[in-house]
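Here is a quick walk through one protein–DNA model, with a stop at the DNA contacts and another inside the protein. Have the structure open as you read.

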There are 2 protein chains.
Amino acid sequence: MVNNDSNQSVNPSKNFVLPFILLLLSRVSLHGYELSQKLQAFGFKSIDQGNLYRLLRKLEADELVSSEWDTSGNGPAKRKYSITKAGITYLRGYANQLETYQSMLDQFFSMYSSFLELYIPSFSSRDSIEKKSNDKRRKDDGKEK
Amino acid sequence: MVNNDSNQSVNPSKNFVLPFILLLLSRVSLHGYELSQKLQAFGFKSIDQGNLYRLLRKLEADELVSSEWDTSGNGPAKRKYSITKAGITYLRGYANQLETYQSMLDQFFSMYSSFLELYIPSFSSRDSIEKKSNDKRRKDDGKEK
DNA sequence: TCCTCTATGTGTATTTTACATATAGGTGAG
DNA sequence: CTCACCTATATGTAAAATACACATAGAGGA
């Protein structure tokens, strides 16, 4: 994993959350639990705690982050993670990868608007088509299906 | 897979390429080989042919697409895939998911610009950092075996 | 003939993910 | 005190996904 130098594969997934972790750690050291919460705030709804901790250990083994126990505050001991220089280098590589995803998404939605024009009118019988116009306010009632 | 009901999980990967497949098929019927090429044009550099064909069969089993043999043109017989009504419904759901990814990427790059301002000046000689210290790591992850 | 391109698959080991569970300290309610 | 709940880290493991190798076959050209 951490799929290194020249082979920047396109499929996201773990490689999608990875840059977010590194970016968060580039600003301030965090422990796993905090990280999990910040990632949720980013939009990752389904980060598995167990796998997150495992991933962090892997990142440490790969020397993209380093950790030390933090027994200062109250509550159980926390393993505080910091980014390494190698981690910073990789963050830049991952950012390039994410740019690719972004342009793919742009292409997708560009084509998708044409799709909507074709299909939305004829599908008005099925489930109520929410107005997908430029009315950004109402994003909430799109939870059908 | 094709995670059937309302649980639109956030992690991409197979779910990242899926909407692109459905979107392409929403415009015109295609066979796997064509699909593979169009996906590459979209930016998917590393679509595994074998897995793509397997995925298409799975999509057919899930009734998001349907297929029929096309023996018309020259060359070997092609399995021509078309999107179904269920596939169209799912395409809309996946599009919503991709919107989430898009906003996550926006957040990422917004924060990443700040990162660049902090790190780029001091990291102008990045090659020394990259080449140092982690040779064994970059060998054995991602492409070993 | 042999090579290459198109086209569709199977086999399978490894990697990743999902889900369950374990441990442990701290806090507040009753 | 006991219990529930939150923080915090972690392991076990079955299932799913991926990477990589390989098989088959038609058609066209050198």
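How do the residues of the surface near DNA strand D divide into nonpolar, polar and charged? This is a predicted model, and in it the split comes out even: 7 nonpolar, 7 polar and 7 charged.

**Around DNA strand D**

Altogether, 21 residues sit around DNA strand D, and the ones that come nearest are R54(A), R57(A), R79(A), K14(B) and N51(B). So what part of the DNA does the protein meet? Looking at the atoms of DNA strand D within 4 Å of the protein, 60% are sugar or phosphate atoms, while the rest belong to bases.

Three contacts from chain A give a feel for this. Two go to phosphate oxygens and involve backbone atoms, one from Y33(A) and one from R79(A). With R54(A), it's the side chain that meets a base oxygen.

| Residue | Protein atom | Atom of DNA strand D | Distance |
|---|---|---|---|
| Y33(A) | polar backbone atom | phosphate oxygen | 2.7 Å |
| R54(A) | side-chain N or O | base oxygen | 2.6 Å |
| R79(A) | backbone N or O | phosphate oxygen | 2.6 Å |

Zooming out to whole elements, those giving two or more residues to this surface are α2 (32–42), α3 (49–61) and β3 (78–83) of chain A, plus α3 (49–61) of chain B. The largest share is from α3(A), with 5 residues.

**Inside chain B**

Now hop over to helix α2 of chain B, residues 32–42. Its buried residues are G32(B), L35(B), S36(B), L39(B) and F42(B). Why do they end up on the same side of α2(B)? Because they cover an arc of only 115° around the axis.

And what covers them? Both chains pitch in: the cover includes α4 (85–119) of chain A, along with α1 (14–27), β1 (30–31), α3 and β3 (78–83) of chain B. Just past the end of α2(B), G43(B) takes a positive phi of about 125°.

Two of those covering elements, β1(B) and β3(B), also pair with each other, antiparallel and over 2 bridges. There, H31(B) stands opposite K80(B) of β3(B). Strand β3(B) has another antiparallel partner in β2 (residues 65–70) of chain B, joined to it by 6 bridges. In that pairing, look for W69(B), whose bridge partner in β3(B) is R79(B).

Methods: Residues numbered from 1 in each chain as written. Chains lettered and ligands numbered in written order. Predicted model: local features only at pLDDT ≥ 70, side-chain atom pairs only at ≥ 80, totals over all residues. Heavy atoms only, no water. Near = heavy atom within 4 Å. Polar contact = N/O pair within 3.5 Å; in protein donor to acceptor, adjacent residues only side chain to side chain. Helix = DSSP H or I, 4+ residues; strand = E, 2+ residues; numbered from the N terminus. Nonpolar A, V, L, I, M, F, W, Y, C, P; charged D, E, K, R; others polar. Buried < 20%, exposed > 50% of the residue type's maximum accessible area, 1.4 Å probe, protein only. Arc of directions from axis to C-beta. Contact = heavy atoms within 4.5 Å. Pairing = 2+ DSSP bridges.
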